[in-house]
Amino acid sequence: MHFHAQPTTDPGRAESPVPRQLPADAGGFVNRTDELAQLNAILTSEDGGPLVVSVYVIAGTAGAGKTSLALRWAHQIRDRFPDGQLYANLRGYDPGEPVAAREALHRLLTSLGVRTEAVPQDLDAAAALYRSLLADRRVLVVLDNAATVGQVRPLLPGSAHSLVLVTSRSRLSGLAVRDGARRLTLGVLPEPEAVALLRAVTAGYRPADDERQLAELARLCARLPLALRIAAERAASHPHLRLDDLIADLRDESALWDALSTGDDEEAEAIRTVFAWSYRALSEQAARLFRLLGLHPGPEFGLRAAAALAGTTSTSRSRQLLDSLVGAHLLEQTAPDRYQFHDLLRAYAIDQAQHEEPPAEREAALCRVLEWYLHTADAAQSCINPAEDRVPLTPASGDISPLTFSEYDAAVDWAEREHDNLLQAVRTAADAGHDRLAWQLATVLWNAQFPSASGTGWPTVGRIGLEAAERLGERAAQGALHTYLGMAYTRLNRLAESLESHQHALAIRRDLGDRLGEARSLNLIGLNHLRTRRLDPAAHHFEQAISAFQEQDATHWAATALSNLATTHYRAGRLPEAATVIDQALTAHRALGDQRGEGNILRVLSDVQREQGDIDASLISAQAALDIALSLRNLRLEGFWLLTLGAAQQAAGQHAEALTSYQRSATLHRRLADRSREALAWQGVGEVYHRLGRHAEAADFHRQAASAQRDLGDTWHQALALDGLASAVLDERPEEAHRHWAQALTLLADFSDPRAAAVREAIERRLTETS
């Protein structure tokens, strides 16, 4: 696919199908006929034509079946939305952290086909991409368990043809006032439907029960769907027990809760009564696992994490106990060996753990699961990021069994699946006063992140880990965390904060006499200077770092710093010096088997080969680099290295191929919220169109690139874009071209390197020739 003439067109929109991914209607026994009729009525106007409705809120008290009704209706009307459905559980009432709008957008965008690393880190940019992808589509979006308007509003599509269905315990009045949402307030089930639900669950498991007794059981459950399902499952699992006896047990439990409660919230008391009734029917081991699961950092977890909480290495026994909890409707299975709590049940499990587990047992269980995450993440790091220093850990205790990984993809899959739990584990450790676990988890998590992680969540837990290390006086840990915070800030384009963090790390490492750590900080400070095109300070820092790495026999880091120095020489226009360092770096990376390092130096080699006139070699090097990025599943590298491939293709006269490369690069960088590199892709497109004689289109793209770089304060690339813009408009508007060249010369005045001098001379020559 080629670019259209207007650079504001989203080149990725046509490539993003909307999936059909509504969860199954777990509450299929609940009819809710009156409410379904009200919902159906909103889709039809008075004259029978379709009515466009943007947002509908289903609000109600806890446990009133909002999710069940929403999913049932969504499944019934999905044919009206041929472009697909999206679902997000916002966990607004979970005992843990609710899902932030940024995180929900990240998940929705990946469901739309956007790779994880390509999701913009900025909330507004992510929301803009989301609205862009859905702009021309009729999509049904279900946002479940919303707590606040702030969670919901960024998730609303811009299209008037899509429908957003929101469930909440709150009325979310702000959506009605500002966004035109309609609202249905949901009460408990009518008695006939409550009885029908009980019959549906128990059918085939026990003799037909008396209608009056079923109505009494429904009343004791306050006619709340979740409570009714739990009670019905209890009845179905005891087919020979009379319903009168089950009701008597539930009345006894209800009397106990009545004695302990204020009676202010009858529905909440009823549902807690049913929870307790079902919980006390569990075996001792299942009940213990249920309450210990309430200590897990997140609402969703795997089999091995559950086993760690229980303090057993027997996964078969843990699976049996989890299956019994699923069968009792106290837990939901989401995938093979993956489980999650309903938010109310998680709160109940936490409450039971606090009342029934001795403090020492709670403490031991929490430490086990945090330790399990720590050691498993450390094992993942050995595959994902083996060159980074490993945190010295004490051996795992004998009652946990951390995972190990035999291949890169398995480690990446685990890191992606557990990313949210790992972030929450750092917070949980710090909140519980386990400062050593907190800083260790934060450090290991940075190095065990999956390659396409957005990077927005780690800085917060990185700071938590740093504060924990400061409380313990762990200076080496502080240095490492300052380093990783600096790297994280660079990814977020917060370059001033990045430099400050790296300078803190450098001071700590010098104070500790950590020569290797000092060299790493020097290298990272050099990268900060390179990013802002302070080339002489960058080269100075890289040379210092290389010398220190070589003194320490740190061959990997020496090769990395050599690559950075080669990049600096190339950008300064010192091609012979760049070529010499490239040979050294490429040899070193290949000897080490460092694919990422090899791909990065191949990118620089391709640029040098192109400028030296060896176009065929430049194409080969650029394609080899891109192949490595694809094998690593790293979209950040893919987008960057595509710029080099596009330049080589352009030089080879492969104009269609170059446009394709630039299109992909622009799409990725837009989703990554990297405006600078997106503008570089537009610049490349402008150059290709100029070669094709399509000067008006070339001018559009150069103008867009110049505007973006001006906004970013990047005077170097703004000057290059203005140079391209002047060449594109020269034939039609020579006076405008001269103004652009004059402005470019002003912007280039502060740069003294050979490349800057050559660019200035070329512009001055063109000004003279066209005057």
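I take buried to mean under 20% relative accessible area, with exposed over 50% and partly exposed in between (1.4 Å probe, protein chains only). Helices are DSSP runs (H or I, at least four residues), numbered from the N terminus. The model is predicted: local features need pLDDT of at least 70, side-chain atom pairs count only at pLDDT 80 or more, and totals for chains, interfaces and linings use all residues. Residues are numbered from 1 along each chain as its sequence is written, and side-chain values use heavy atoms, without hydrogens or water.

Entry 1, helix 21. I looked up residues 475–491 and found 17 residues reaching 25 Å between the first and last C-alpha, close to the 24 Å expected (1.5 Å times one less than the number of residues). Twelve of the 17 residues are buried, so helix 21 is largely enclosed by the rest of the structure. Among the buried residues are Leu-481, His-482, Tyr-484 and Tyr-489. I listed what covers them, including helix 19 (435–448) and helix 23 (515–531). After the helix comes Asn-493, with a positive phi near 65°.

Entry 2, helix 21 against helix 22. I found that their axes (lines fitted to C-alpha atoms over the stretch in contact, angles from 0 to 180 degrees between N-to-C directions) come within 8 Å and cross at roughly 160°. That makes helix 21 roughly antiparallel to helix 22 (angle over 145 degrees). The contact (heavy atoms within 4.5 Å) includes His-482 and Tyr-489 of helix 21 and His-502 and Ile-508 of helix 22.

Entry 3, helix 9. I noted that eleven of its twelve residues are buried, so helix 9 is largely enclosed by the rest of the structure. Arg-229 and Arg-234 are among the buried residues.

Methods
Angles under 35 degrees count as roughly parallel, over 145 as roughly antiparallel, 65 to 115 as roughly perpendicular and the rest as oblique.
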